[in-house]
Amino acid sequence: MNPLIRYAALVTCFALSSIVTAQSKPANVVLIVADDLGWSDVTLYGTTKLYKTPNIERLAKRGMTFTRAHSASPLCSPTRASLLTGLSPARHGITAPNCHLPQIVLEATEGDRVGGNKPSILPNPVTRLDTKYPTLAKTLKSAGYATGHFGKWHLGAAPYSPLEHGFDVDVPHWPGPGPAGSFVAPWKFPDFDPNTPNEHIEDRMALEAVAFMEEHRDEPFFLNYWMFSVHAPFDAKPELIEQYRQVVDKDSPQRSPIYAAMIESMDDAVGTLLDTLDRLGVADNTIIVFTSDNGGNMYNVVEDTTATSNAPLRGGKATMYEGGTRVPQIVCWPGHVEPGSRTDVLTNSCDVYPTLLDMLSMSPADGQSFDGVSITPALAGKSLTRDAIFTYFPHDPPVPQWMPPSVSVHRGDWKLLRLFACGENGGDRWKLFNIRDDIGENHDLVAEYPEVVKELDLLIEDFLVDANAVRPIPNPNFDRSKYSIESEGEPGAGHFGSKVSKGQAPKGKAAKSTDSKNTKKAVGGWTPSGDCEIAISNHTLVITSQGGDPFVTTTLETAVEPKGLMFEFVAESNSQGNGQVFWLEVGGGPFAAARSTAVDMVHDAKPHTYRVPFSASAKVTSIRIDPSRAAGTIKISNMKLIGGDGKVAQQWTF
């Protein structure tokens, strides 16, 4: 044979062999989960004029956009556990974002104590994702996939880290609820230094993910990219903040230039991943799922405004209204999903695992089952056979649009909420909405459609029984004569009756007025209220919390000018739950109408320094500290209020 002909034949055979190999290689999987990214925080749904997400739009053009995707929970850790297990929080027991706390709890139990100001006793949730679960990463790893986790985890430190759940790589190997210290370097991740002095953590995570894909380009890989963005703390690249500061509309509900800058960096990271898949020539053999762990944060204060707005949806992160659980979602599956398509099929985070197995023609482990279903028929443009989706959230963080501990069911256009133990005689109560006609959930239709309520509530009960859910139970010490149903959902309204007017609302945990009967004595200038006692020991204010809602208050010696105020303190705690600092302003009324800032308390029995900015508009007269939401001991010292001129306005010594 002519050598040239033989060479050409060999080249042809090699090329054909390469094509066959590429086509027979299992599809790569890229799962991108944004943190606290709301349905209205992207440009997919026509709900924002400020934010820019061109790379998410670019991703949508490659796949299918879901208009009615829901997270498994309105808070992060429960949803993340559901993504990896395909199980509802009602079943795996992680129902609160507490997996960074020191206590290790692997089984949910009924609560046994609470203060008298709540209608129900909340369950004790699981605090770690148990390694007994056959996670998505374990399944893909056993099938020959290289597995890498990049970014936020928040399901437990070692021995419950990504490395124990099926991932070969975990960067930056950080168990906390958000980025360590800040988004822009210098940050505080242990053993993970920035490459440049002002490096952005999302830029760095994208680069780490790129290196992983480059290393494993010739084998199937599972890239689990769980963004730190756009969770607190709220900071961003200074140049981006200034760009948005020039164009922000102060009358728009989305008006934070910092948050807008955070979204742009998040979107840039998505673009980096897409560019890499294209450059490596593996985009056509890669499944991409993009979603968020819960709705947008609409109660933390960022430069004297809320971080974002989920309008036209009601509520947001930590609420059971649509704003808390409806999230952006895109699925790309080259050759199977029509590019640029859209669907209004109902989906849930629990669907991701079984869907990916179906896409990859893989079977669950023996005895493994899911609370989700495969949505591959919907990806093919067909109807999806499922009766309903369920969301279980047995907690009641009193944020704006708060709700008692509850469970919801979506079926068709209907959404029913069962509110535990806040009805007559300690029974449950219900809310019914037609989401198609009332996306803002303004019109409760319980009275008009009792048969629909009954039918949907039977589905809820079957779900709770099947999941063996640990439910809230009625609080025998609760004084129901003081409970106001009308106050539910009002920003600033607590568990007791009085409403506050909109505009006076705190941006976080609702406070009870210190005008109520409080016979506890002040210690060191601070008065204990709620479910706690205080004492002075070793020049430290010691708060002993019985759980429920512990807080301490003080009146300043002199009203302080509002501009640039910063409240600093050192706290050491073995309790649980996020904290909050409230402040009263001249003419601002009681603490029930106070302004506040959430504090991400660390409860590891070690001292931590906290700096809380006050976005006050009038002179500040009083301060209240809500250090936790559970029993334990909190030691506070080195408290001082610093004025806008950098001088100490008041300092507390014990």
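**A tour from Phe290 to helix H10**

Start by selecting Phe290: beyond its neighbours within four places in sequence, it is in contact with Ile32, Ala34, Leu37, Ile56, Leu59, Met266, Val270, Pro328, Gln329 and Ile330 (contact is heavy atoms within 4.5 Å). This is a predicted model, where local features need pLDDT of at least 70 and side-chain atom pairs pLDDT 80 or more, while totals for chains, interfaces and linings use all residues. Residues are numbered from 1 along each chain as its sequence is written, and side-chain values use heavy atoms, without hydrogens and water.

Next, add Leu223 and Tyr225: with Phe290, they have the most contacts inside the largest nonpolar core, which has 62 residues. Such a core joins buried Ala, Val, Leu, Ile, Met, Phe, Trp, Tyr and Cys residues through side-chain atoms within 4.5 Å; buried is under 20% relative accessible area, with a 1.4 Å probe and protein chains only. Helix H8 (residues 257-279) gives this core its largest share, 12 residues. Helices here are DSSP runs of H or I, at least four residues, numbered from the N terminus.

Keep H8 and show H7 (residues 238-245). Their contact involves Leu240, Ile241, Tyr244 and Arg245 of H7 with Pro257, Ile258, Ala260, Ala261, Glu264 and Ser265 of H8.

Now move to another core, apart from the 62-residue one: it has 44 residues, including Leu31, Tyr133, Phe167 and Leu360.

Finish at helix H10 (residues 352-359), where 7 of the 8 residues are buried, so the helix is largely enclosed by the rest of the structure. Select Val352, Tyr353, Pro354, Thr355, Leu356, Leu357 and Met359 to see those buried residues. Just after H10 comes Ser361, with a positive phi near 55 degrees.

Notes: Buried < 20%, exposed > 50% of the residue type's maximum accessible area, 1.4 Å probe, protein only. Helix = DSSP H or I, 4+ residues; strand = E, 2+ residues; numbered from the N terminus.
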